[in-house]
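Please open the model in your viewer and keep the selection tool at hand. The tour below goes from one selection to the next and says what can be found at each stop.

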Amino acid sequence: MSEREPRLAIPLVDAGVPDSEFYHQIVDSLFNLSAVVDTVFDRVETRISDETLRVHALTDRISQCQTRLDSLTTNRVAFKVEHPQRFPITLPG
């Protein structure tokens with residue numbers, strides 16, 4: 001991913017508060033934890049789908065190359081490759 005995702009944080013529960021506030025903070029922390037877990041799994045699922053698309057694209061390219069290779073290997077027609085000499089030979093004399 002080119003852009004950085006914001007950090008996920010879960011606030012801590014204060015121990016020096018009355019019981020009712022303590023339980024309220026615990027419930028809030030659990031809701032925050034649930035939201036963070038959902039966010040993490042959403043990111044993982046998104047990444048998996050992106051990578052799956054990349055793998056399918058590569059598989060298609062490999063299949064196309066294999067088809068071209070098969071057509072070249074099954075072709076029984078001879079062909080001649082001609083090219084200019086890179087370093088012509090000069091004969092002495």
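Begin with the aromatic rings, where the count for this predicted model comes to one aromatic pair. Select Phe22 and Tyr23 and show their side chains: the ring centres lie 6.0 Å apart and the planes stand at 65°, so the pair is edge-to-face, because an angle over 60 degrees places a pair in that class. The two partners can also be coloured by accessibility, with Phe22 counting as partly exposed at 28% relative accessibility and Tyr23 counting as exposed at 52%.

Next, zoom out and colour by secondary structure, which will show one helix and zero strands. Select residues 19-74, which make up helix H1 with its 56 residues. A distance drawn from the first C-alpha of H1 to the last should come to 81 Å, close to the 82 Å expected at 1.5 Å a residue.

With the whole protein still in view, switch on the surface. About 9200 Å² is exposed, and carbon and sulfur atoms supply 60% of that area. Of the 93 residues, 3% count as buried. Which residues of H1 are buried? Select Gln25, Ser29 and Val36, for these are the buried residues in the helix.

Stay with Gln25, which is found in helix H1, and display the residues around it. Gln25 has a relative accessible area of 15% and is therefore buried, since the cut-off for that class is under 20%. When residues up to four places away in sequence are not counted, Gln25 touches Val13, Asp14 and Val17, so these three are worth showing as sticks together with Gln25, contact here meaning heavy atoms within 4.5 Å.

Now select Ile10, Leu30, Leu33, Val37 and Phe41, and colour their surface. Together these residues make a nonpolar surface patch of about 430 Å². One member to label is Leu30, which lies in helix H1 and is exposed, with a relative accessible area of 51%; that value falls in the exposed class because the cut-off is over 50%.

The last stop is the charged side chains, where the count comes to two salt bridges. Select Arg47 and Glu51 first, whose side chains meet in a salt bridge with 3.3 Å from N to O. Because Arg47 and Glu51 are four residues apart in helix H1, about one helical turn separates them. Arg47 is partly exposed, with a relative accessible area of 41%, and Glu51 likewise counts as partly exposed, at 29% relative accessibility.

Keep Glu51 selected and add Arg54. Which residue forms a salt bridge with Arg54, and how far apart are the closest N and O atoms? The partner is Glu51, and the closest N and O atoms are 3.0 Å apart. Both Glu51 and Arg54 lie in helix H1, three residues apart, which is about one turn of the helix. Arg54 counts as exposed, at 52% relative accessibility. With Arg47, Glu51 and Arg54 displayed together, the view shows one network, joined by salt bridges that share partners.

Terms used: Residues are numbered from 1 along each chain as its sequence is written. This is a predicted model: local features need pLDDT of at least 70, side-chain atom pairs count only at pLDDT 80 or more; totals for chains, interfaces and linings use all residues. Side-chain values use heavy atoms; hydrogens and water are left out. Helices (H or I, at least four residues) and strands (E, at least two) are DSSP runs, numbered from the N terminus. Buried means under 20% relative accessible area, exposed over 50%, partly exposed in between (1.4 Å probe, protein chains only). Accessible areas come from the Shrake-Rupley method with a 1.4 Å probe; for residues, only the protein chains shown count as cover. The expected span of a helix is 1.5 Å times one less than its number of residues. Patches are made of residues with over 30% relative accessible area and no salt bridge: like charges are joined within 9 Å, nonpolar side chains (Val, Leu, Ile, Met, Phe, Trp, Tyr) within 5 Å. A salt bridge is a side-chain nitrogen of Lys or Arg within 4 Å of a carboxyl oxygen of Asp or Glu. Rings of Phe, Tyr and Trp (its six-membered ring) pair if their centres lie within 6.5 Å; planes under 30 degrees apart count as stacked, over 60 as edge-to-face and the rest as tilted.
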